[in-house]
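Colleague: I'm new to reading structures and would like a close look at a single part of this one. Could you take me slowly through strand β6 of chain A and then show me what lies around it?

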Amino acid sequence: MTLSTPFQPTRRSVLGGLAAGGALALSPARFASAQSAAPIRLGFQLHRTGIGAAYGRWYERTTQAALKVLNEAGGINGRPVEVIFEDDGTDPRRGAEVVEKLATQAGCDLIFGALFSHVVVGSAPRAGELKIPYLVCSEGFHVASGTLNRWTLQPGITDVRAQVSSMAPWVTQNLGRKVTMLFPDYAFGHDHRDYFSAALKAQGGEILELVPIPPTETSFTRYFPRIPAATEVLYHVMVGPAVLSFVKELGEFYAGGGRPQIFGFIDSLEAVDTASPGLEFLEGTHFWEGHCRMRQADASEHEDFYRAAVGVDANGASVADARDVSTYAHMFSCWETLFVIRDAMVAAGYQGPADRQRLVEAVEAMTTMPLSREHVQGDKVFNGRTHQVFGHQYISRVEGGKLVRVHATAIEDSLYPDAVDYTAMAF
Amino acid sequence: MRPAPPGAGDDAGPTSLRPGGRVRAAAGGGILLALPGAAFACALPPSVILTLPTDLYIAGAAITVGVTALMGAAAGRLPRLEARLLIERRILLPRDLTSYASFLVFLGLCLAGLLGVRDPMHNLMTLIFWTGVWVGLPLASLLLGNLWRPLNPWHAPVRIARALLGRTRAAGLSRLGHWPAVAGLFGFAWFMIVSLAPDDPAVLATAALGYWTAIFLAAVLEGEEWVEQGEFLTVFFGLVARVAPFWLETGGGRARLMAGWPGTQVLAMAPLAPSGIAFVTLALAVLSFDGLVGTFWWMALVGENPLEFTGRSAVVLDNTLGLAAAWAATAAAILGALAVGRRLAGRRGGFATGPVMLSFLAIAAGYHAAHYLVTLLTAGQYTLAALNDPLLRGDALLGLPAVYVSLGFLADRGAMGAIFLSQFAAILAAHLLAVLLALHLARRGGAGGGVPGVAHLPLTALMVGYTVMGLWLLSTARVS
C-alpha cells in the first residue's frame, strides 16, 4: 500500500487529478471551469432533533464554518463544496433512512457527521450496502473494534477507549493510586469502568470501590457513603440532566472536608459554564478534555483561527452569547473530518461516485496529520487498518472557574493493539 | 414493559475484542444488534430546573387551588364576569381575503417544505407550523381572541369552490358533530408525539397538504361552516381562545372589540355536546402526554434508558398506546369527578357535564402556554432567523443582523428560574380560573340555590391533582 501524508498526494492521485489539481494550483481561490465545477455534495447526518440536539446545533455550526473556509480556499479539486444537512432524529432507524436518502436521492458523494453510537451502528451497514464512504465523528470504539465495515471511518476524533486509557498514567502519578469510580450503570459508564480500571492497574494503581448509579437517578446523596475514606482519587462520569444536582450534593457531602482529588470527563459538563453558580465545588478538580474549551496561554494560531471561524470566544462560548457554551471538546471532529475529506479527495483525484472506493483507500493511506489549520485540536496519527485516528488528550484543572490545561498526553499513551484490519476486507 | 436498560450488566473487559453491551436496535423491529460497549452518552445537557425548589412551588400551587375551590364553594357570591365593548368599527379586511391570503402562504410553505433546505431548523414550513401555528398563534389567541379565524386556510377556497361548482347543499357531515375534529386531533397528536419525523419539512408538508385536501373536499361537500365543527385546528382555536380577555365579535359588516375577565366568553358558551366533551378531554390528554413522553418516568416505564434513548422508532407502539391511555385516563378522571359530584349533590343537581366541562378550557389554555414556552424561546429564534434570511443568502428581510441562535439561557440559573416562574404562574392562573368557571357553571346547572359545597370536593381534588401534574411535568427530569 502506498502511504502518504494528507498533504502529499500519491502518484495515483496526481495522475488521476491532474486537470483539476492544475487548475487549483494556478488559481487556488477560484473554482475550475463550468464543465467540472459542479459542486461536490457532501451529506451530513445531523442530530438536529432527539437527544443529540444539543450537540447537533454546534456540529452544524462548526461544519458551516469549516465549509466556508474550505470553499474560500478553492473547494475540492477546483469544485465548490455543498453540505446537505439531513436530520436523523438521533434515531438509528431514521439514521439508516437518512444515509439512503443522502446517497440515492440527494446524490451525495459521501456522508459524514454522525455522533451517537447507536445511530452510527444502525446506519453504517446501510452505507456499506450502498457502497458510500461514511465518516463518523462518534468517539465510539465500534469503528476500531472491527464491527463495522470498509466504508466506515473515523478520521476526525479519537475513540473513548483511547481517551480513557491514556488518562491513567497521569492520574496515578499526580493525583493518587487509590481510586473510587462513580459511573452511570450502563454501557457508557461500563466503558469507563473497564478501560480505566485496566489502565490503572497497569500503572500499579488500585480500584477501591466501583459505585454504579442507575441512569434514571436524579439524587445521589445515598450513594456517597459508599466512597471509602481511603480514596485518593474520585473518578466520576455522571451525565445527563441531573449532573448539576450531582455536583451540588457531592459538595454537600464533602462540606466538612476530607475531599479526595477528583477527576472527571468533561462530557458531564459539556456546553455548561464551569463558572456557573452551584459548580463552585469543582474548583481544583480535574477533567479530561478532547479539546481545551478555554483558550490556553500557548494557543496556536490555528486554534485562534478556528475559534474565530466558528464564532467561539476564549471561554468556549458563542461570541453572540457568553452563556451559550459550545460542545467544544467534541465539535472539532466535524471541522477536521471535512478537511480529511478534502485531502482524501485530492489524493484520490476524486471526480464522482465512481471514485468512492479510491476515496476510502486514500483515507486508509493517511498516516500523520500535523497540527494545522485543518487539524486544530492537535497533530494526529491515523491507523488505516482500524480506520481510527489517534491524538493527544488533555487534562485540565478548574482554576477560578476556568479550565486550565495541566497535561497533554502523548499520542503513544492512547494506542492499543489493532483489533481489525479493514483494508483486508472486500469493498 | 421492556427489559432493563440496554447495556446494563455488560462486562466486556477493556481488552476484549468481542462486542460489549447490547442495544435493542430500532431498525428491523427489535433486532438486537451487537454494539461495542462504547456508547456516546453525554447527550442531555444538565438541567437547571432540577436544582430549583420546585417541590415547594408545586405544594404551594396545590394548596392555593384547593383552598380557593373550597372557599369559592362556600361563598354566597362569585365575582361576576361581564363583557364590555371597547371599540366598534366597520370590517376593514374581509375574512374571505385574509383566508385566501393565508391559503396562498400555506401553499408557499408547503413548497418550501417539499423543495427547500432539508434542515428542519432552517426550513420555514417546519418552523412556521410548529412554532407559529401550533405555539405562537395559540399563545397570542389566549390574549387577543381567536386569531386563527381570519387566517383559516379553508374558508375562502371552500367558498370559491362551492360557488364555482354551484353547490349549496350539505352532505350531512354536520350530523357527526365534532367527531371528525376529534379524529383529526388524535391523528395530529400521533403525528406530533409518536411518528418518526414530524419536523422533517417534506414529511410535514406532505401531511399538511394531504390533510388540507381532505378537509377541503369534505367542506366543499358540506359547506364552509362545517370547518368550524369538523376541523381540529379550527375547533381547538375556537375553544381555547375563549379564555382571552380581549376578543373580536363580527356581524353585519361591523367588528366589535370586546374586553372582559378571562373566561367571560366561556360562561356565554352553550354546553358541550358529547363530541365536544371528547374533543376537550383529548386536547387535555394530548398536552399532558406531550409533556409526559419525554420524562425519565415515562422512559423507565417503557424500558428505555433516558441517558441513551434509542429514539422515536423504538417506542412507536408504547407511545401510541400511551397516547390512547392518556386520553382514556383524562376522560375517566374528569367524567368520574363530575359523576361523583352529581351523586353528592343529589337532587339539587349541578355538575352537568356539558357546561362544567367548559371550565377545563382554561386548563388546556394555561398548560399550552406553559408547556410550549421554551419551544417558543428556542425554535422561535430559528424562525426569526429563517424569516430574516429564508434562502440562506445572507439577506436581512426583517432588518435583523445575521446572529447566531443563542440557547445560553437554558443553562442560566436566573433565566431558567424566571421561565419556571412564568410557567408556574400560567399553570396556577389557569387552574384558579378553571375553579372559578367550574363554580359558575355548576351553579348555573344547579336547581335553586346551586349545589352543596360537599359536591365540589371531587372536582376540587381533580383540579388540585391537575395542578400538581402540570407543574411536575414542567420540573421533572426529561430527555427533551
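Modeller: Let's start at that strand and work outwards from there. Keep in mind that this is a predicted model.

Strand β6 of chain A covers residues 178-184, and six of its seven residues are buried, so the strand is largely enclosed by the rest of the structure. To count as buried here, a residue needs 20 or more other C-beta atoms within 10 Å of its own.

What is β6(A) paired with? One partner is strand β7 of chain A, residues 206-213, and the two run parallel, with seven bridges between them. If you want one pair to find on screen, go to A:Thr180, whose bridge partner in β7(A) is A:Glu209. The other pairing to look at is with strand β8 of chain A, residues 233-236; that is parallel too, over four bridges. Here you can pick out A:Val179, which has A:Val233 as its bridge partner in β8(A).

Now for the helix that goes with these strands. Helix α8 of chain A, residues 187-202, joins β6(A) and β7(A) in a right-handed β-α-β unit. Look at how α8(A) is placed: it lies across β6, β7 and β8 of chain A, and it runs at about 165 degrees to β6(A).

Zoom out a little and you'll see the sheet that holds β6(A). It is an open sheet of seven strands in chain A, in the order β7-β6-β8-β9-β10-β16-β17, and its pairing is mixed. At the edges stand β7 and β17 (402-408) of chain A, each with a single partner strand, so one side of each has no neighbour in the sheet. From one strand to the next, the twist averages 25 degrees.

One loop by this sheet deserves a stop. Between β9 (261-265) and β10 (286-289) of chain A there is a loop that contains A:Ala271. Its phi is near 70 degrees, which is positive, and A:Ala271 is not a glycine. Most residues other than glycine have a negative phi. Is A:Ala271 buried or exposed? A:Ala271 is buried, because 27 other C-beta atoms lie within 10 Å.

For a companion to that sheet, look at another one in chain A. This open sheet has five strands in the order β2-β1-β3-β4-β5, with parallel pairing. Its edges are β2 (81-87) and β5 (152-153) of chain A; each has a single partner strand, so one side of each is left without a neighbour in the sheet. Inside the order you can follow β1 (residues 40-46) of chain A to β3 (residues 110-112) of chain A, which run parallel and are joined by three bridges. A:Gly43 stands opposite A:Ile111 in β3(A). A helix goes with these strands as well: α3 of chain A, residues 53-72, lies across β1 and β2 of chain A and runs at about 170 degrees to β2(A).

There is a positive phi to find in this part of the chain too. A:Lys131 has a phi near 55 degrees, a positive value in a residue other than glycine. You'll find A:Lys131 in the loop between α5 (117-130) and β4 (134-135) of chain A. With 15 other C-beta atoms within 10 Å, A:Lys131 is partly exposed.

Finally, step back to the whole of chain A. The chain is divided into domain 1 (11-158 + 328-389) and domain 2 (160-289 + 392-427). Taken over C-alpha atoms, the centres of domain 1 and domain 2 of chain A are 31 Å apart. How many residues of domain 1 of chain A are in contact with domain 2 of chain A? There are 22 of them, and they meet 19 residues of domain 2 of chain A. On the domain 1 side, α11 (328-348), α12 (356-364) and β14 (380-383) of chain A each supply at least two of the touching residues. By type, that side of domain 1 of chain A has five nonpolar, 12 polar and five charged residues.

So, back to your strand: β6(A) is largely enclosed, because six of its seven residues are buried, and it pairs in the parallel sense with β7(A) and with β8(A).

Methods:
Residues are numbered from 1 along each chain as its sequence is written. Chains are lettered from A and ligands numbered from 1 in the order in which they are written. This is a predicted model: local features need pLDDT of at least 70, side-chain atom pairs count only at pLDDT 80 or more; totals for chains, interfaces and linings use all residues. Domain bounds come from an automatic or database domain assignment. Two residues are in contact if their C-beta atoms, placed from the backbone, lie within 7 Å. Ala, Val, Leu, Ile, Met, Phe, Trp, Tyr, Cys and Pro count as nonpolar, Asp, Glu, Lys and Arg as charged, and the others, Gly among them, as polar. A residue is buried if 20 or more other C-beta atoms lie within 10 Å of its own, exposed if 12 or fewer, and partly exposed in between; C-beta atoms are placed from the backbone. Two strands pair if DSSP finds at least two bridges between them. A crossover is right-handed if, with the strands pointing away from the viewer, the path from the first strand over the helix to the second runs clockwise. Axes are lines fitted to C-alpha atoms, for helices over the stretch in contact, and angles run from 0 to 180 degrees between N-to-C directions.
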